Amino acid sequence: MRRQFTAVRAVTEAAEGTNPGTVLTDAVEAWALGVVPDVQFVEAKGLSSSLDPFRGTTGARRQKMKFSTYLMGVNAASGNSVTSKAEWQELFVACGWGVTYNAAVSVVVQRAAPTAFTGAGNSASLEAYEDGREWTQLGSRGTWKLRGVVGEPLEVDWDFDGQYSAPITAALPTQDYDAVQKSVWMGTNLCSLTPAGGGAYIPIVSAFEIDVAQKVTPYRNANAAAGYSTFEIEEGTCEGSMRVRAPLETAHGFWANFTSDTTYALSLQVGS
């Protein structure tokens with residue numbers, strides 16, 4: 001079946017795992033949607049010697065939702081001043097990251113304190129629609145990966161764990177897309193490497209990837225209808241890579257710094 005339309009919507013939960021009941025109209029343009037239920041099957045003991053026709057029963061259930069989006073920016077060139085974009089902020093909040101909007105200037109994303117990795121107000125209800133089917137995932141928390149190629153819009157891969165919910169047949173939901181430009185990665189002096197002791201080096205970079213590499217731990221609860229009530233983020237180790245043109249050793253002593261275990265501070269700005 002050819003996929004024709006995909007939309008993802010998100011809203012922060014005041015009570016963890018409880019749908020706030022908000023009518024979601026702010027949609028995120030998404031692709032590569034994948035919803036994977038994780039349903040435990042408990043096989044009956046003594047199956048080989050029993051006449052019981054039932055091989056077992058289903059146990060605890062949870063769900064994983066993955067999708068990719070563009071990274072939203074601020075359209076300063078055309079004067080479109082964006083001070084808030086709820087669905088983007090809520091996706092990052094559900095990953096334990098905070099978002100600050102500087103109108104028509106920049107969007108700053110920073111890791112929040114570990115207290116934001118669990119508890120009320122830090123999880124999200126997700127809704128995903130694709131070709132007449134709609135999935136809901138409550139209590140969602142996850143991780144994200146940012147990747148970019150010079151001259152192309154930046155892309156974010158999202159990966160959320162949450163409570164299981166069976167899909168339903170649904171009509172095309174009402175959407176509201178803001179007239180905001182995609183964040184294209186190009187500009188001047190947007191990337192610098194500063195070795196210990198100073199002396200910043202501006203490399204010629206054509207592509208990069210940053211993966212916050214967070215893990216989500218599910219916790220079982222006998223009082224939960226599907227066996228899981230909460231999902232907590234484990235603070236991950238940020239990983240990444242860049243495609244860089246190799247400089248002459250006389251211009252920048254890469255190998256000398258490498259063999260001497262010199263550390264670097266990476267500064268990466270998206271936009272101009």
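Where is the place of Met-186? I looked that up before anything else: Met-186 sits in the loop between β9 (168–169) and β10 (191–195).

**Entry 1: ground rules**

I am working with a predicted model, so local features need pLDDT of at least 70 and side-chain atom pairs count only at pLDDT 80 or more, while totals for chains, interfaces and linings use all residues. Residues are numbered from 1 along each chain as its sequence is written, and side-chain values use heavy atoms, with hydrogens and water left out.

**Entry 2: the overall picture**

I noted two helices and 15 strands for the protein. Helices (H or I, at least four residues) and strands (E, at least two) are DSSP runs, numbered from the N terminus. The protein has 272 residues, and 39% of them are buried. My cut-offs are under 20% relative accessible area for buried, over 50% for exposed, and partly exposed in between (1.4 Å probe, protein chains only).

The exposed area comes to about 14,900 Å², and carbon and sulfur atoms supply 53% of it. Accessible areas come from the Shrake-Rupley method with a 1.4 Å probe; for residues, only the protein chains shown count as cover.

Then I checked contacts, meaning heavy atoms within 4.5 Å. Of those between residues at least 6 apart in sequence, 68% join residues at least 24 apart.

**Entry 3: back to Met-186**

Is Met-186 buried or exposed? Met-186 counts as exposed, because its relative accessible area is 51%. I also looked up its distance to Pro-153: the two are 33 residues apart in sequence, yet 9.5 Å apart in space, C-alpha to C-alpha.

**Entry 4: cysteines**

A disulfide is a covalent bond between the sulfur atoms of two cysteines. I searched the whole structure for cysteine sulfur pairs within 2.5 Å and came back with zero disulfides. I checked two cysteines anyway. Cys-95 is buried, as its relative accessibility is 0%. Cys-238 is at 46%, so it goes down as partly exposed.

**Entry 5: two odd phi angles**

Most residues other than glycine have a negative phi. Ala-32 has a positive one, near 55°. This alanine belongs to strand β2 (residues 28–43), and it is exposed, with a relative accessible area of 54%.

Ala-213 also has a positive phi, near 50°. Its place is the loop between β11 (205–211) and β12 (215–220). Ala-213 counts as partly exposed because its relative accessibility is 24%.

**Entry 6: aromatic rings**

How many aromatic pairs does the count come to? I got seven. Rings of Phe, Tyr and Trp (its six-membered ring) pair if their centres lie within 6.5 Å; planes under 30 degrees apart are stacked, over 60 edge-to-face, and the rest tilted.

One of the pairs is Phe-92 with Trp-144, edge-to-face, at 5.2 Å centre to centre and 90° between the planes. This pair ties together distant parts of the chain, with Phe-92 in helix α1 (residues 86–93) and Trp-144 in strand β7 (residues 133–149), 52 residues apart. Phe-92 is buried at 4% relative accessible area, and Trp-144 is buried at 8%.

Trp-158 and Phe-160 make a stacked pair, 6.1 Å centre to centre with 10° between the planes. Trp-158 is buried at 2% relative accessibility, and Phe-160 is buried at 0%. Ring pairs link Phe-67, Phe-92, Trp-97, Trp-144, Trp-158 and Phe-160 into a cluster.

I also found Arg-62 over the face of Tyr-228, 5.8 Å from the ring centre. The rule wants NZ of Lys or CZ of Arg within 6 Å of the ring centre and within 35 degrees of the ring normal.

**Entry 7: the cores**

A nonpolar core is a set of buried Ala, Val, Leu, Ile, Met, Phe, Trp, Tyr and Cys residues joined through side-chain atoms within 4.5 Å. The largest one has 31 residues, and those touching the most other members are Met-65, Phe-67, Leu-91, Phe-92, Trp-144, Trp-158 and Phe-160. Strand β2 gives the largest share of this core, four residues. A second, separate core of five residues includes Ala-60, Val-216, Phe-231 and Ile-233.

**Entry 8: Gly-240**

I ended at Gly-240, in strand β14 (residues 239–244). Gly-240 counts as exposed because its relative accessibility is 60%. Leaving out residues up to four places away in sequence, Gly-240 touches Glu-209 and Ile-210. Gly-240 and Lys-145 are 95 residues apart in sequence and 9.1 Å apart in space, C-alpha to C-alpha.
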